[in-house]
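I opened my notebook to jot down what I looked up in this structure. I'll go entry by entry and keep it short.

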Amino acid sequence: MALVFLDLDETLLDGDSDYEWGRFLSLTGKVDRAFYEKENERFYQDYLAGTFDVMEFLDFALKPLAENAYTELCQWRTRFIETRIRSMVKPRACELIERHREAGDRPVIITSTNRFITQPISELLQVEDLIATELVRKDGEFTGEVEGIPCFGEGKITRAQQWAQSHAQNLQGSYFYTDSYNDLPLLEIVEHPIVVDADKKLTEHAIENDWERISLKS
């Protein structure tokens, strides 16, 4: 049985769930629209350019979670999944996941986006195992702090290895599907690096290294 790590945003989804959550909050009046949209777009462009500061972004993105009640956030999230995320699932994403399951492999979504946003998306995709950026809760409410290492860049290696060890697994024969050059660290240590609808920098790197390239779009 091989572990199959699957990036979420722009890989299984035709879009970025963290970015869309920010847009959802601004368009529904949950945050200051002008400021939040400007900052959300700035961080997204930094991510695409490979200049993303994950801790600066988390300071920004986690404030609405810390400033609102968990029960209300869950109501917003339900609406977000139904109105923004469900239609973003790439047509062939579920087919890829099922194909690996039939081969006896174990799919694991691994994403820099926090678990609060991605847990229901993982359930939507029918993937039980999820590695995501974890958030601190105190007395049932978010504090705005990150628990442990953010699941981004080199952090994805650490989190993947920790998860594998805790589940009595290893990375022998493992796969990693992703679209982003930011995921290069984990791509370089798995046995089967596969780029999906990749950005320009990752596509160029994949060609140079003779990595498999696929599309999950229709």
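Before anything else, a term I need: helices and strands here are DSSP runs, numbered from the N terminus, with at least four residues for a helix and at least two for a strand. I also note that I'm working with a predicted model.

**Entry: odd backbone angles**

With those names in hand, I looked up Asp 197, which sits in the loop between β6 (192-196) and α11 (200-209). Its phi is positive, about 45°, although Asp 197 is not a glycine. I wrote that down because most residues other than glycine have a negative phi. Is Asp 197 buried, exposed or partly exposed? I found a relative accessibility of 23%, so Asp 197 counts as partly exposed.

I noted another positive phi at Glu 10, near 70°, and Glu 10 isn't a glycine either. This residue belongs to helix α1, which covers residues 8-12.

**Entry: helix α4**

Next I went to α4, residues 54-61. Which of its residues are buried? I listed Val 54, Phe 57, Leu 58, Phe 60 and Ala 61. Looking down the axis of α4, I see these buried residues fall within an arc of 160°, so they line one face of the helix.

What do they pack against? My list has α2 (17-27), α3 (33-49), α5 (63-66), β3 (129-138) and β4 (141-147). I also checked the start of α4, where a side-chain oxygen of Asp 53 comes to within 3.2 Å of the backbone nitrogen of Met 55.

**Entry: cavities**

How many cavities of 30 Å³ or more does the whole structure have? The search gave me 3. The largest holds about 170 Å³ of space. I counted 15 residues in its lining, and the closest to the centre are Asp 16, Asp 18, Tyr 47, Phe 52 and Phe 57.

Then I asked which elements build that lining. At least two residues each come from α2, α3, α4 and β2 (106-114). The largest share is from α3, with 4 residues. Sorted by class, I get 8 nonpolar, 3 polar and 4 charged residues around the largest cavity.

The second largest cavity has a volume of about 60 Å³. Its lining includes Asp 18 and Phe 57, and I'd already met both among the residues closest to the centre of the largest cavity. Phe 60 and Ala 61 are also in the lining of the second largest cavity, and I had them down as buried residues of α4. For this lining, my class tally reads 7 nonpolar, 3 polar and 1 charged.

**Entry: Thr 111**

I picked Thr 111 in strand β2. Its relative accessible area is 1%, so I marked Thr 111 as buried. A polar atom of its side chain lies 3.1 Å from the backbone nitrogen of Thr 113. Leaving aside neighbours within four places in sequence, I found Thr 111 in contact with several residues, among them Leu 8, Thr 118, Ile 131 and Cys 151.

**Entry: Gln 119**

Last, I looked at Gln 119 in helix α8, residues 115-124. With a relative accessible area of 22%, Gln 119 is partly exposed. The side chains of Gln 119 and Arg 115 are joined by a polar contact of 2.8 Å. I also checked how far Gln 119 is from Val 190: they are 71 residues apart along the chain, and their C-alpha atoms are separated by 24 Å.

Technical notes. Residues are numbered from 1 along each chain as its sequence is written. This is a predicted model: local features need pLDDT of at least 70, side-chain atom pairs count only at pLDDT 80 or more; totals for chains, interfaces and linings use all residues. Side-chain values use heavy atoms; hydrogens and water are left out. Buried means under 20% relative accessible area, exposed over 50%, partly exposed in between (1.4 Å probe, protein chains only). The arc is that of the directions from the helix axis to the C-beta atoms. Contact means heavy atoms within 4.5 Å. A polar contact is a pair of N or O atoms within 3.5 Å; within protein, one must be able to donate a hydrogen and the other to accept it, and residues adjacent in sequence count only if both atoms are side-chain atoms. On a 1 Å grid over the protein atoms alone, a cavity is a set of points where a 1.4 Å probe fits but cannot get out, and a pocket is an open set with protein on both sides within 12 Å along at least five of seven lines; lining residues have an atom within 4 Å of a point. Grid points are joined across faces, edges and corners, and a volume is the space filled by probe spheres set on the points. Ala, Val, Leu, Ile, Met, Phe, Trp, Tyr, Cys and Pro count as nonpolar, Asp, Glu, Lys and Arg as charged, and the others, Gly among them, as polar.
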